[in-house]
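Grab a coffee and load up the model below. The exercises each set a task, and a worked solution follows step by step.

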Amino acid sequence: MERPARRRVPRRLRTPYAPALALALVAGGFAAWAGQDWYDAAHDDRAAYAVQRDRALAAGEQAVQNLNTLDHRDLDRGLDLWEASTTGELREQLTAGRGAFAGQVKEAETVSTARVLSGAVTELDDRAGRARVLVALRVTVRAADGTRTDKDSRMLGELTRTDGRWKLSALGQAPVGGAPAG
């Protein structure tokens, strides 16, 4: 009596662990690649530079807005905010002229509010702690008689990092159109 011939099954199909092993190797390779990519991004100097740029821009925009906002009814608070937003010679100038300026604003009874339209960092030296910003803003001035005047302007500000915070150290009007910077 003859036995029926056995059908041969290839050896690779008999091992149920081969697909699982292949999947584990692919997953391990992906995890290694993703981990290296994450490490590179976390230790990239460009990321730290971008963080400082964003901090300088936010501080510059806020400081320029602060220096263009003042209410005669709450003058001391506004002028204190001006001084807190500045450093160096600019702060010294504001402090020295505070009394005379406060008298002028009280007499005129004006309220000025500023709103930042856009801003950009034009220079950043993170190591030296210096930056320059260009800020476009709209300043609204309400006079004592109730009239309202809106003025759009562009300001150039210089920032200095002091005690880990960016503060305005200079502020001026940006040239408009083809006017040369003076």
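**Exercise 1. Sort the residues lining the largest pocket into nonpolar, polar and charged, then work out where the lining comes from.**

Solution. Keep in mind that this is a predicted model.

- Step 1: sorting the lining gives nine nonpolar, eight polar and four charged residues.
- Step 2: look at the pocket itself, which has a volume of about 370 Å³. Its lining counts 21 residues, and Leu-67, Asn-68, Trp-82, Phe-101 and Ser-112 sit closest to the centre.
- Step 3: assign the lining to elements. Helix 4 (75-84), helix 6 (98-108), strand 3 (130-142) and strand 4 each chip in at least two residues. Strand 4 gives the largest share, with four residues.

**Exercise 2. Do the same for the second largest pocket: which element supplies the largest share of its lining?**

Solution.

- Step 1: the space in this pocket comes to about 230 Å³. Of its 14 lining residues, Arg-55, Ala-59, Arg-165, Trp-166 and Lys-167 are the closest to the centre.
- Step 2: helix 3 (45-67), helix 4 and strand 5 each provide at least two lining residues. The largest share, six residues, belongs to helix 3.
- Step 3: by type, the lining splits into five nonpolar, five polar and four charged residues.

**Exercise 3. Lay out the sheet: in what order do the five strands come, and why is one side of strand 1 and of strand 5 left without a neighbour?**

Solution.

- Step 1: the five strands make an open sheet ordered 1-2-3-4-5, with antiparallel pairing.
- Step 2: strand 1 (70-71) and strand 5 are at the edges and each has a single partner strand, so one side of each has no neighbour in the sheet.
- Step 3: now add a helix. Helix 3 lies across strand 2 (111-125), strand 3, strand 4 and strand 5, and runs at about 150 degrees to strand 2.

**Exercise 4. Zoom in on strands 4 and 5: how many bridges hold the pairing, and how many residues lie between the strands?**

Solution.

- Step 1: strand 4 (residues 148-162) pairs with strand 5 (residues 165-173) in the antiparallel sense over eight bridges.
- Step 2: pick out some partners. Leu-159 bridges to Leu-168, while Thr-160 bridges to Lys-167.
- Step 3: the two strands form a hairpin with two residues between them, and Asp-163 in the turn has a positive phi of about 55 degrees.

**Exercise 5. Which element has the lowest mean pLDDT, and which the highest?**

Solution.

- Step 1: the protein averages a pLDDT of 89, with 90% of the residues scoring at least 70.
- Step 2: helix 1 (residues 11-14) has the lowest mean, 55, and strand 3 the highest, 97.
- Step 3: where pLDDT is low, don't read the predicted coordinates in detail.

Terms used. Residues numbered from 1 in each chain as written. Predicted model: local features only at pLDDT ≥ 70, side-chain atom pairs only at ≥ 80, totals over all residues. Heavy atoms only, no water. Pairing = 2+ DSSP bridges. 1 Å grid on protein atoms, 1.4 Å probe; cavity = no way out; pocket = protein on both sides within 12 Å on 5 of 7 lines; lining within 4 Å. Points joined across faces, edges and corners; volume = space filled by probe spheres on them. Nonpolar A, V, L, I, M, F, W, Y, C, P; charged D, E, K, R; others polar. pLDDT = per-residue confidence, 0-100. Contact = heavy atoms within 4.5 Å. Axes fitted to C-alpha atoms, helices over the stretch in contact; angles between N-to-C directions.
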